[in-house]
Amino acid sequence: MSDEVLSVTVTAPTNIAIVKYWGKRCTKFNLPINSSLSATLSQDQLKTTTRIETSPTFEEDEVWLHGKEQDIQKNQRLLNCFNNIRRLARKQAISGGEGSADQIKFYSQKVQVHTENNFPTAAGLASSASGYAALVFGLGTLFKVQGDLTSIARQGSGSACRSLHGGFVEWQMGEQSDGEDSIGVQIAPESHWPELRIIVLVVNDARKKVGSTEGMQSSVQTSTLLQYRSEKIVDERIKQAKRAIIDKDFSLLAEIIMKESNQLHAVCLDSFPPLHYLSNESHTIMDLVHAYNKATGCTRLAYTFDAGPNACLFTMSTFVNEVAWLIEHYFPVENGNKIFRGLEVDPVSPGDEVLNKLDMEINPNVIKYAIHTRLGHPPKIESAVNVS
Ligand code: DP6
């Protein structure tokens, strides 16, 4: 083989859970105690970009996140992703009859990985999901691995297995002890429901105190509510959510989204010591959503929160300008900066009748900014070049 450097650049989306993953039954293979379901967000607004290079001259695998080198020997999940992709590449080459010595040697070559998110890392916006999805998709592209990669991405970060598909995705918990059947499966593509809109409200982009991995371990050990939820509630919620998605029934989906978020944070409070991911700002946002739905007499808006205080709001394109107006009106930003980023909004008041019923106070500086986005597609290859 020559000393040429091969390089691929890929991007991967984040996802936001509609039915939440919280709790592992096996930490070795990162297997969940229940299935979960999510919406993949558009990469036009939120994405991880990862460039991976390989050369026979590289001596170690190296990873840089936002220009900062990571200590990968201390990160078993990263090592698992590298090892599993290389193992699969070798296996496929041998079984496909292309397993020449050079080819097999190529799969052992070391890589250099440079990765960047265009949104706040570790602020409850599933940066590990898009990060591991991009890594696994990029390595799979570089080493020409065929077939499902979600089981490998899952071992980087559970929610990452849902970021390898676009639209709506179910992570089926599976039954096998090796996790081979614990995979991400698409329920419906992004084109199924183009009117669905998502607004991310960034209230605080500081790093969270207890990471989700650690937090869910504590919940598994101490929360009886979590056990009840995984045994008695989640399966039915997934069935309902799938029905709501297939039928494009926004009010049913919205109710499930909010109840799931509330139950996740109830489990967090039921953990001992309790886990607090929501802030006062998060609660103020929840109040506005309920007040708006009540004032209009129908469910036009839903909120969900992961392991951080930032909100993801779900609405429909018909209501998005009204929702934007409410956000700008009730949560003004005192520094005068523009609140909305992403897809365009043209804020319109919902009218006096609704506003009179709303009974909300104006709360300056609840949010820093908002990102208006929609459902998005799976990871994609930006470029694949032989740069030598
Ligand atoms: C609250 O996927 O970050 O966002 O598997 O330990 O890496 P690990 O956890 P992670 O957990 C995500 C939890 C959640 C809910 C969800 O995305 O379903």
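**Exercise 1. The two domains**

How many residues of domain 1 are in contact with how many residues of domain 2? Set out the division of the chain before counting.

Solution. The model is predicted. Step one is the division: domain 1 covers 6-190 and domain 2 covers 196-373. Step two is the spacing: the centres of domain 1 and domain 2, taken over C-alpha atoms, are separated by 27 Å. Step three is the count: 31 residues of domain 1 touch 49 residues of domain 2.

**Exercise 2. The ligand**

Describe the shell around the ligand, then its polar partners, and say where the ligand lies with respect to the domains.

Solution. Start with the shell. It holds 17 residues, and Tyr21, Lys24, Ser157, Ser159 and Thr213 come nearest to the ligand. By type, the shell divides into five nonpolar, seven polar and five charged residues. Its largest share, three residues, is supplied by helix 5 (residues 212-222).

Next, take the polar side chains. Ser159 places a polar side-chain atom 2.7 Å from a ligand oxygen. For Arg162, a polar side-chain atom also lies 2.7 Å from an oxygen atom of the ligand. In the side chain of Asn30, an N or O atom is 3.1 Å from an oxygen atom of the ligand. On its own the ligand has 460 Å² of accessible area, of which the protein covers 95%.

Last, the location. Domain 1 (6-190) and domain 2 (196-373) both contribute residues to the shell, so the ligand lies between them.

**Exercise 3. Backbone exceptions**

Examine the backbone at Asn30, Lys248 and Pro273, and state whether Asn30 and Lys248 are buried or partly exposed.

Solution. Asn30 sits in the loop between strand 3 (24-26) and strand 4 (31-32). Its phi is positive, about 55°, although Asn30 is not a glycine. Asn30 has a relative accessible area of 3%. The cut-off for buried is under 20%, so Asn30 is buried. Asn30 is also the residue whose side chain has an N or O atom 3.1 Å from a ligand oxygen.

Lys248 is in the loop between helix 6 (224-247) and helix 7. Here too phi is positive in a residue other than glycine, with a value near 50°. At 38% relative accessibility, Lys248 counts as partly exposed.

Pro273 belongs to the loop between helix 7 (250-270) and helix 8 (280-296). The exception here is in omega, which is near 0° for the peptide bond from Phe272 to Pro273, a cis bond.

**Exercise 4. Two buried polar side chains**

For Glu53 and Thr373, find the element, the burial, the side-chain partner and the surroundings.

Solution. Glu53 is part of strand 6 (residues 47-54). With a relative accessible area of 17%, Glu53 is buried. Its side chain makes a polar contact of 3.2 Å with the side chain of Arg51. Beyond neighbours within four places in sequence, Glu53 is in contact with Val5, Leu6, Ser7, Phe58, Lys110, Val111 and Gln112.

Thr373 is in strand 16. Its relative accessible area is 0%, and Thr373 is buried. The polar partner is Gln45, with 2.8 Å between the two side chains. Once neighbours within four places in sequence are left aside, the contacts of Thr373 include Leu41, Ser42, Leu46, Arg197, Ile198 and Leu343.

**Exercise 5. Packing in domain 2**

Which residues of helix 9 are buried, and which elements do they pack against? Then place Ile367.

Solution. Helix 9 (residues 320-330) has as its buried residues Val320, Glu322, Val323, Ala324, Leu326, Ile327 and Tyr330. In an α-helix, residues three or four places apart point the same way, because there are 3.6 residues a turn. The buried residues of helix 9 pack against strand 12 (196-202), helix 8, strand 14 (311-316), strand 15 (340-342), helix 10 and strand 16.

Ile367 lies in the loop between helix 10 (352-358) and strand 16 (369-374). At a relative accessible area of 2%, Ile367 is buried. Not counting residues up to four places away in sequence, Ile367 touches Leu201, Val202, Val203, Ile285, Ile327, Phe331, Val333 and Ile339. Ile327 in this list is one of the buried residues of helix 9. Between Ile367 and Glu69, the C-alpha to C-alpha distance is 31 Å, and the separation in sequence is 298 residues.

Technical notes
Residues numbered from 1 in each chain as written. Predicted model: local features only at pLDDT ≥ 70, side-chain atom pairs only at ≥ 80, totals over all residues. Heavy atoms only, no water. Helix = DSSP H or I, 4+ residues; strand = E, 2+ residues; numbered from the N terminus. Buried < 20%, exposed > 50% of the residue type's maximum accessible area, 1.4 Å probe, protein only. Contact = heavy atoms within 4.5 Å. Near = heavy atom within 4 Å. Polar contact = N/O pair within 3.5 Å; in protein donor to acceptor, adjacent residues only side chain to side chain. Areas by Shrake-Rupley, 256 points an atom, 1.4 Å probe, with all protein chains shown as cover. Nonpolar A, V, L, I, M, F, W, Y, C, P; charged D, E, K, R; others polar. Domains from an automatic or database assignment.
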